[in-house]
Amino acid sequence: MRKILFETHHLYYWPNFRPIIDEMILSGDFEIYVSMPRRNLTIQQSILIKECNNLSIQFITADSELRRVEKIYNEAFDIIIVGNVGKLNNIVNDKTIAIMVYHGIGLKQSYYKDTSSRINIRAVESAARFDELKNDGHQNLLLTGYTKLDRLFTIPDKEIYSLKKSLQLDNSKKTVLYAPSFYPSSVEKISTQLPLLRQYYNVIIKLHGFSWEQKRYKYQSMLFTKMEKENQNIYLVPNEQFDIIPFYRIADLLVSDISSTMFEYLSLNRPIVQAECYS
């Protein structure tokens with residue numbers, strides 16, 4: 001049985017890892033572990049531990065980041081799967097196979113420059129990116145498709161119905177999902193327009209995790225928390241509900257800016273508005 005570690009650098013990588021983990025659990029051929037770098041903010045870790053408990057898989061942590069890294073290295077995993085290079089060189093044993101599974105599809109250059117000679121396999125979501133990376137001289141590429149979207153078509157309808165019910169959406173109105181990036185972002189300008197939509201639509205706001213957790217961007221979640229309280233038919237998804245996939249199923253239209261959400265939502269063949277008013 002192979003020992004696998006999913007090094008989850010941030011919580012928003014988890015929806016990309018989850019379908020892979022589901023397949024591994026079904027096969028019964030893998031001993032699965034998950035870990036996350038220790039930070040001062042422990043909210044993400046608490047959420048991820050709960051996810052692991054629900055799946056009956058093991059979460060690795062320690063009383064310091066140094067100890068956590070040492071523990072992972074000493075475990076000598078057969079395979080470590082990451083969403084970015086991060087601390088890869090510190091946690092991989094010489095015999096470990098290192099695999100990068102992209103956490104985003106995007107317009108940001110970081111999606112093309114985040115690489116390391118220590119990556120054995122780079123799982124690529126599309127033929128377009130595969131060709132571009134190959135033309136840049138990368139040899140360790142594997143065209144896999146975009147793992148995050150698997151659950152878009154496998155989440156049971158009853159779960160979607162339950163989610164809609166919990167949001168108390170007005171069933172007589174169509175639903176707009178606003179899902180901005182944290183930076184550069186359309187938040188400043190689009191936020192003034194959302195209260196104008198609530199008379200005609202349900203408006204769901206799904207923010208990036210950094211909009212809740214990072215001091216520099218926390219004003220974004222504060223802005224929309226206030227807006228939700230003051231406006232009927234505007235619903236702010238709490239940080240604990242980190243997975244955007246169920247909200248794609250509910251929405252009739254997506255508004256975004258430079259986020260991967262635009263490419264993900266294409267799978268449903270529903271309208272998308274790209275806001276180009278960045279700050």
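**Group meeting talk: a sheet and its surroundings**

Good morning. I begin with two neighbouring strands: β2, which covers residues 30–35, is paired with β3 in the parallel sense, and 3 bridges join them. Within this pair, Tyr33 has Gln58 of β3 standing opposite it. Please keep in mind throughout that we are looking at a predicted model.

Let us now place that pair in its sheet. The sheet is open, has 7 strands and shows parallel pairing; read across, the order is β3-β2-β1-β4-β5-β6-β7. Which strands form the edges? They are β3, at residues 58–60, and β7, at residues 141–143, and each of them pairs on one side only. From one strand to the next, the twist averages 25 degrees.

Helices pack against this sheet. Helix α1, made of residues 14–27, touches β1 (2–7), β2, β4 (79–82) and β5 (97–101). The direction of α1 makes about 160 degrees with that of β2. Helix α2, residues 43–55, lies across β2 and β3. Relative to β3, helix α2 runs at about 155 degrees.

I turn next to β5. Is this strand mostly covered or mostly uncovered? It is mostly covered, since 4 of its 5 residues are buried. On one side, β5 pairs with β4 in the parallel sense over 4 bridges, and Ile81 has Ile99 in β5 as its bridge partner. β5 is also joined to β6, residues 121–124, by 3 bridges, and these two strands run parallel as well. Here Val101 is partnered with Ala123 of β6.

Let us step back to the whole protein. It contains 13 helices and 12 strands. Its C-alpha trace spans about 60 × 40 × 35 Å along the principal axes. How does its radius of gyration relate to that of a compact globule? A compact globule of 279 residues would have a radius near 19 Å, and the protein has 19 Å, so the two agree. Of these 279 residues, 53% count as buried. The exposed surface is about 14100 Å², and carbon and sulfur atoms supply 50% of it. Among contacts with a separation of 6 or more, 62% come from residues 24 or more positions apart.

Finally, I should like to present two individual residues. The first topic is Ser221, which lies in helix α11, residues 218–230. Is Ser221 buried or exposed? Its relative accessible area is 3%, and because the cut-off for buried is under 20%, Ser221 is buried. What surrounds this residue? Leaving aside neighbours within four places in sequence, Ser221 is in contact with Leu207, Ser211, Trp212 and Leu236. With Ser211 there is a polar contact: the backbone oxygen of Ser211 lies 2.8 Å from a polar atom of the Ser221 side chain.

The other topic is Lys189, in helix α8, residues 187–190. Lys189 has a relative accessibility of 42%; this value falls between 20% and 50%, so the residue counts as partly exposed. Which residues does Lys189 touch, apart from its neighbours within four places in sequence? They are Cys277, Tyr278 and Ser279. Lys189 and Cys277 are 88 residues apart along the chain, yet their C-alpha atoms are separated by 6.8 Å.

To close, I return to the start: β2 and β3 pair over 3 bridges, and β3 is an edge strand of the sheet. Thank you for your attention.

Note on methods:
Residues are numbered from 1 along each chain as its sequence is written. This is a predicted model: local features need pLDDT of at least 70, side-chain atom pairs count only at pLDDT 80 or more; totals for chains, interfaces and linings use all residues. Side-chain values use heavy atoms; hydrogens and water are left out. Two strands pair if DSSP finds at least two bridges between them. Axes are lines fitted to C-alpha atoms, for helices over the stretch in contact, and angles run from 0 to 180 degrees between N-to-C directions. Contact means heavy atoms within 4.5 Å. The radius of gyration is taken over C-alpha atoms; the globule rule is 2.2 Å times the number of residues to the power 0.38. Buried means under 20% relative accessible area, exposed over 50%, partly exposed in between (1.4 Å probe, protein chains only). Accessible areas come from the Shrake-Rupley method with a 1.4 Å probe; for residues, only the protein chains shown count as cover. A polar contact is a pair of N or O atoms within 3.5 Å; within protein, one must be able to donate a hydrogen and the other to accept it, and residues adjacent in sequence count only if both atoms are side-chain atoms.
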